[in-house]
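User: Please take a close look at a single part of this structure and explain how that part is placed within the whole. I would appreciate one connected account.

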Amino acid sequence: MQQIDLRSDTVTLPSPTMRRAMAEAQVGDDVYGEDPTVNHLEALTAEMLGKEAALFVPSGTMGNLIAQMVHCGRGEEVVVGDQAHTFRYEAGGSAAVGGIHPHTIRTAEDGTLPLDAVRDAVREDNVHYPRTRLLVLENTHNRTGGRVLSLAYLQAARALCDEVGIAFHCDGARLWNAAVALGCSPATIAAPFDTLSVCLSKGLAAPVGSLVVGSQPFIHESRRARKLLGGGMRQAGILAAAGLIALTEMQERLVEDHEHAQRLAEGLTASGYRVTHPIESNLVIFEQPDEGAAPAERSAVWREQGVLISPIGGRRFRAVTHYGIERQDVERVIEVIGQTA
Ligand SMILES: *Cc1c(COP(=O)(O)O)cnc(C)c1O
């Protein structure tokens, strides 16, 4: 049976064009800076995001860790949302490896951090306190259902960072989805930030890879941090070749994923599920009715019928639309899930 896998957009498989590009990629030793395909990918990403430089890294987790380590010394503090990916799902790396103290504040339902709370979190100069160095925001925001942070909000957050003298980093694993949702260029969303980490391996469907993006000196330091973490790769052009296709051919089609998420949310609502948030990108978080089978049982029934969706705690599930999921797949999912409502 054909499986319709909506567990994540990380399950996307490389396109035939990516496979060909990977096979034919020109490569060299990237730790020596001699892989022309990696160099091309880094230059193109920096240009697309309107920053000076970029660094290819194996994962978004490493990208965020490198950025935090370059911005913050040991014992210094990052202000971060309690629902942020960097706080919840990156194995505590910033603390474990970077010695960075996370100062969490409550994430609002739209994925923003209230700016008065951010301001309160920033420490004054006092020997008792760690020094606050960095604010991290996430766009789109995963845990709140792919919510898109508005440009006005990002600009206000930038102004606050300037006022209190801290740096501003974006976990932009799905920045491309945010750009499509807002109808603006990725550079417009990147502009308020000092640095970003962006993923090629989510909706853009590359098999591996993320980039850290920022100023020339910041990327120089990031290259050292990448080596320290064991992320210096050799003939990585094989991977970067797929990344170039991801950037140039896979951004526009994200519109389809967002339409599919809208349709899925409508269908689920019509069958008695509650979608917990407005659909702004490719994530649909929904809650089952009080009665009936438990989430784990339901997802097992769906799986038998070829539909993979993960329970995420409580009565909730998360479905993610992505490359390889077509309109008829969405209709099939609605049918299968509707039967157990
Ligand atoms: C997936 C993801 C990451 C990290 O990506 P990996 O490549 O899986 O390490 C970071 N932030 C967010 C919001 C993500 O969804």
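Analyst:

**Strand 8 and its surroundings**

Strand 8 is covered on both faces: Ser210, Val212 and Gly214 on one side are all buried, as are Leu211 and Val213 on the other. The model in which this is seen is a predicted one. The strand comprises residues 210-214, and because five of its five residues are buried, strand 8 is largely enclosed by the rest of the structure. Buried here denotes a relative accessible area under 20%, with the protein chains only taken into account.

Two strands pair with strand 8. Strand 2, which covers residues 53-57, is joined to strand 8 by five bridges, and the two run antiparallel. Within this pairing, Ala54 has Val213 of strand 8 as its bridge partner. Strand 7, residues 195-199, is also antiparallel to strand 8 and is connected to it through four bridges. In strand 8, the residue that stands opposite Cys199 is Ser210.

Cys199 also leads from the strands to the ligand, since Cys199 is one of the residues that surround it. Others in this shell include Ser59, Gly60, Asn64, Glu90, Glu138, Ala173, Arg174 and Lys202. By class, the shell holds two nonpolar, five polar and five charged residues. Helix 3, residues 60-71, supplies its largest share, namely three residues.

Several side chains of the shell approach the ligand with polar atoms. An N or O atom in the side chain of Thr61 is 2.6 Å from an oxygen atom of the ligand. For Asp171, a polar side-chain atom lies 2.6 Å from a ligand nitrogen atom. In the case of His85, an N or O atom of the side chain is 3.4 Å from a nitrogen atom of the ligand. On its own the ligand has 380 Å² of accessible area, and the protein covers 85% of this.

The chain as a whole provides the setting for strand 8. There are 14 helices and 13 strands in the chain. Of its 341 residues, 55% are buried. The C-alpha trace spans about 55 × 55 × 35 Å along its principal axes. The radius of gyration of the chain is 20 Å, which agrees with a compact globule, because a globule of 341 residues would have a value near 20 Å.

Methods
Residues are numbered from 1 along each chain as its sequence is written. This is a predicted model: local features need pLDDT of at least 70, side-chain atom pairs count only at pLDDT 80 or more; totals for chains, interfaces and linings use all residues. Side-chain values use heavy atoms; hydrogens and water are left out. A residue is near a molecule or strand if one of its heavy atoms lies within 4 Å of it. A polar contact is a pair of N or O atoms within 3.5 Å; within protein, one must be able to donate a hydrogen and the other to accept it, and residues adjacent in sequence count only if both atoms are side-chain atoms. Accessible areas come from the Shrake-Rupley method with a 1.4 Å probe; for residues, only the protein chains shown count as cover. Ala, Val, Leu, Ile, Met, Phe, Trp, Tyr, Cys and Pro count as nonpolar, Asp, Glu, Lys and Arg as charged, and the others, Gly among them, as polar. Buried means under 20% relative accessible area, exposed over 50%, partly exposed in between (1.4 Å probe, protein chains only). Two strands pair if DSSP finds at least two bridges between them. The radius of gyration is taken over C-alpha atoms; the globule rule is 2.2 Å times the number of residues to the power 0.38.
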